[in-house]
Amino acid sequence: MLSKTGVKKIGKKIKRCQLLIAKDAGTQFSDEPSEFLCVCNAGLSTGLEQEGLLKEVLLHADEVQTIQMPPGKSYCYLSFLSIDAAKSVYKAMNGTCPLGQDGAVLLLAFCCGLPCCLTNPWSEPMPDGLVVVRDFVDTQLEQVLLGAVEFGEVQEYSSEQTATNALKNRQVKHYGYEFLYGTNNVDKTKPLLDRKIPSACDELWQRLQKLHPNLCWHVPDQLTVNQYEPGQGIPAHVDTHSAFEDPILSLSLGSDIVMEFKHVATGRQAFVDLPARSLLIISGESRYVWTHGITPRKLDTILVPNGNGLTIRKRQRRISLTFRKLRLSEQCDCSFSNCCDSKKRVFKHHAALLETHAALVEAENVHRVYNQIAKHFSDTRHSPWPRVESFLQTLNAGDVLLDVGCGNGKYLGSNSSAFMLGCDRSDGLLQVCGDRGFNVLQCDCLALPLRDGSADACISIAVLHHLATTARRRKAISEMIRVLRTGGRALIYVWAKNQEENANKSSYLRQNKQNNKKVTSVSAAKTVSSIASMECVAGLPECTLPVHTNRTPFQHQDLLVPWKLRTESNEATEKQTFLRFYHVFEKYELEQICLDSGQNNVRIVESFYDQGNWCVVMQKIEPM
């Protein structure tokens with residue numbers, strides 16, 4: 001029992017923690033008991049383990065529903081099925097449970113809910129392309145397979161592990177080719193001629209063909225067998241794109257395990273329970289974009305079977321058989337260019353040219369063009385987008401908003417109670433804003449002429465996609481973060497490469513009546529061929545980009561988009577075509593750039609797709 005003095009000291013410590021966490025994660029704390037508890041001084045960064053915390057909680061209440069442990073943070077969250085359960089844990093553990101760093105007692109506080117930026121990995125849907133086939137083999141075949149890959153008493157390790165100890169004493173065998181964990185690849189010139197995949201595995205392909213006749217797969221030629229003892233795991237990784245075909249298959253034998261998947265760009269997590277004798281099929285996005293790994297631990301936190309909440313399951317010895325098919329060519333055919341090693345090699349020269357000439361490309365194929373088409377462009381930009389207006393309506397009286405790349409200023413009159421300031425590079429568009437009575441200034445989005453922390457909010461609508469390199473896009477976002485006050489938010493819109501999200505065509509595509517018809521292979525081929533023309537960027541013969549055909553699906557990320565302008569003279573009507581540089585964004589690309597630009601002082605509040613655009617709301621926070 002704590003003394004009155006002890007209770008007072010604990011209370012002061014909790015208040016200090018609450019202020020820091022509220023700034024960092026936007027957590028709203030409650031003076032009254034609720035179903036939600038925040039552990040204010042312990043989390044992953046202090047060494048607190050989820051199963052250890054759950055074990056302690058279950059001594060006092062069995063209605064825990066969720067444990068959320070934000071990566072790299074010194075705090076975490078608990079949610080319960082009832083307020084009474086939360087009160088019981090609070091009473092028993094606050095200021096007394098020694099699970100903090102170096103044996104410090106835990107500091108608990110009730111909160112109004114879990115921060116919106118956090119998700120429960122157990123409630124997350126499985127990554128696209130991931131399939132778990134339960135009871136893929138029966139117990140009899142399981143024993144046959146275990147006998148075929150038996151390790152025996154002599155420990156076996158890969159040659160790479162012998163040199164680097166990379167596998168932490170986990171036993172591993174390779175068949176066909178050795179899987180190299182340092183590169184997540186194989187050496188195709190060194191097949192294991194004396195160790196082919198055991199014939200006992202042949203029955204697996206017959207079962208797979210029967211259960212999933214529509215699955216596009218190949219009979220594997222590489223097998224890695226891992227033996228996991230309790231407390232062993234494998235680091236999160238993505239098998240190299242150019243090395244292996246899609247999909248990758250993993251069979252669990254002996255016991256259950258929890259595998260953790262993490263999206264490379266956004267950090268989203270999903271936990272997948274793999275029962276013994278189940279087959280995991282990793283294909284598509286889950287194969288190419290999500291890492292998969294097993295955290296070394298002796299206990300797994302799992303969902304309560306046929307019920308709510310979490311419980312603990314002891315790990316036992318597990319054997320995994322991971323099957324891969326080597327890719328014959330060096331070129332991967334996936335659609336995830338930002339994560340693909342082969343596509344990065346192909347575009348390396350192109351990216352180097354753009355990097356060298358980025359400022360010139362933007363000057364010639366963005367700034368000069370918009371000055372020439374300013375009046376015509378402004379005439380076509382008169383309807384504010386609803387979700388941008390909704391964001392602007394959240395501003396309070398007297399708040400300062402900066403519109404980075406304000407164009408003709410169509411958003412600068414959206415909230416009369418806030419001070420709206422616009423900036424742009426185009427003389428012609430700024431003249432339009434001035435004629436409308438808006439507050440504007442001319443500047444480059446890479447160097448905003450505002451003091452640090454001087455704006456309550458920023459918007460940047462259809463601007464970043466005109467910057468020629470990732471580094472310049474990152475710099476523009478970091479400038480917005482710099483001028484935002486702590487707690488301030490920014491809304492960013494960029495053009496999406498995918499113009500057909502959830503089977504719905506964007507308004508950009510629907511303006512072309514041909515896009516509303518059923519697509520055939522012939523018409524698809526015509527679409528691809530229609531963008532084959534190439535043009536020099538900024539008049540540089542060595543740097544060319546494809547010219548996009550308006551109102552058709554995008555085939556490239558970096559391209560030139562035509563703007564057609566008619567001008568009338570005394571003699572005739574002339575048609576001019578101006579080519580604007582665009583970088584159209586892949587899914588999650590904008591989120592990743594925002595996080596990279598923030599250097600630990602940014603959190604993603606919301607990300608969404610809106611009529612052919614990827615959109616992010618980010619918030620500036622205190623760096624931890």
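Which residue in strand 3 is the bridge partner of Ile 67? Select Ile 67 and look across: the partner is Leu 78. Keep in mind on this tour that the model is predicted.

**Stop 1: strands 2 and 3**

Colour strand 2, residues 64-68. Four of its five residues are buried, so the rest of the structure largely encloses this strand. Now add strand 3, residues 76-80. Strands 2 and 3 run antiparallel and are joined by four bridges.

**Stop 2: helix 1**

Move to helix 1, residues 4-25. Its 22 residues should span 32 Å at 1.5 Å a residue, and the end C-alpha atoms lie 31 Å apart, which agrees.

Select Gly 6, Ile 10, Ile 14, Cys 17, Gln 18, Ile 21, Asp 24 and Ala 25: these are the buried residues of helix 1. Turn the view to look down the axis. The buried residues fall within an arc of 125 degrees, so they line one face of the helix.

What covers that buried side? The cover of the buried residues includes strand 1 (36-39), strand 3, strand 4 (108-111) and strand 28.

Now rotate to the face turned away. Exposed residues there are Lys 4, Thr 5, Lys 8, Lys 9, Lys 12, Arg 16, Leu 19 and Leu 20.

Pick Lys 15, also in helix 1. Is Lys 15 buried, exposed or partly exposed? Its relative accessible area is 48%, so Lys 15 counts as partly exposed. Draw a distance from its C-alpha atom to that of Ala 109: the separation is 9.0 Å, although these positions lie 94 residues apart in chain numbering.

Finish at the end of the helix. Gly 26 follows helix 1, and its phi is positive, near 75 degrees.

**Stop 3: Ile 83**

Go to helix 3, residues 83-93, where you will find Ile 83. This residue is partly exposed, at 34% relative accessible area. Show what surrounds it: beyond neighbours within four places in sequence, Ile 83 contacts Pro 33, Ser 34 and Glu 35. Then check Glu 63, which is 20 residues away along the chain; the C-alpha atoms of Ile 83 and Glu 63 are separated by 9.8 Å.

**Stop 4: the six-stranded sheet**

Next, display the open sheet whose six strands come in the order 5-12-9-16-7-6, with antiparallel pairing. At the edges are strand 5 (130-133) and strand 6 (171-175), each pairing on one side only. Neighbouring strands are turned by 15 degrees against each other on average, direction ignored.

Zoom in on strand 9 (residues 248-253) and strand 16 (residues 318-324), which are antiparallel and joined by five bridges. Within this pair, Ser 250 is opposite Thr 322 of strand 16.

Two helices belong in this view. Helix 4, residues 139-148, packs on the sheet and touches strand 6, strand 9 and strand 16. Its direction makes about 105 degrees with that of strand 9. Helix 6, residues 202-211, lies across strand 5, strand 9, strand 12 (279-282) and strand 16. Helix 6 runs at about 110 degrees to strand 9.

**Stop 5: a hairpin**

Select strand 10 (residues 257-263) and strand 11 (residues 269-274), an antiparallel pair with six bridges. The two form a hairpin with five residues between them. Phe 261 has Ala 270 of strand 11 as its bridge partner. In the turn, Gly 267 has a positive phi of about 80 degrees.

**Stop 6: the nonpolar cores**

Where is the largest nonpolar core? Start with Leu 402, Ile 477, Ile 492, Leu 590 and Met 618, which touch the most other members among its 32 residues. Elements giving two or more residues include strand 17 (400-404), helix 13 (470-483), strand 21 (484-495) and helix 16 (589-598). Helix 13 gives the largest share, five residues.

Centre on Ile 477. Outside its neighbours within four places in sequence, Ile 477 contacts Leu 464, Ile 492, Leu 590, Ile 593, Cys 594, Ser 597 and Met 618. Another core, of 30 residues, lies apart; Leu 354, Ala 538, Leu 540 and Val 584 are among them.

End on helix 13. Its 14 residues should span 20 Å at 1.5 Å a residue, in agreement with the 20 Å between its end C-alpha atoms. Its buried residues include Ala 476, Ile 477, Met 480, Ile 481 and Val 483, together with Arg 472, Arg 473 and Glu 479.

Technical notes
Residues numbered from 1 in each chain as written. Predicted model: local features only at pLDDT ≥ 70, side-chain atom pairs only at ≥ 80, totals over all residues. Heavy atoms only, no water. Core = buried A, V, L, I, M, F, W, Y, C linked by side-chain atoms within 4.5 Å. Buried < 20%, exposed > 50% of the residue type's maximum accessible area, 1.4 Å probe, protein only. Contact = heavy atoms within 4.5 Å. Pairing = 2+ DSSP bridges. Axes fitted to C-alpha atoms, helices over the stretch in contact; angles between N-to-C directions. Expected span 1.5 Å × (residues − 1). Arc of directions from axis to C-beta.
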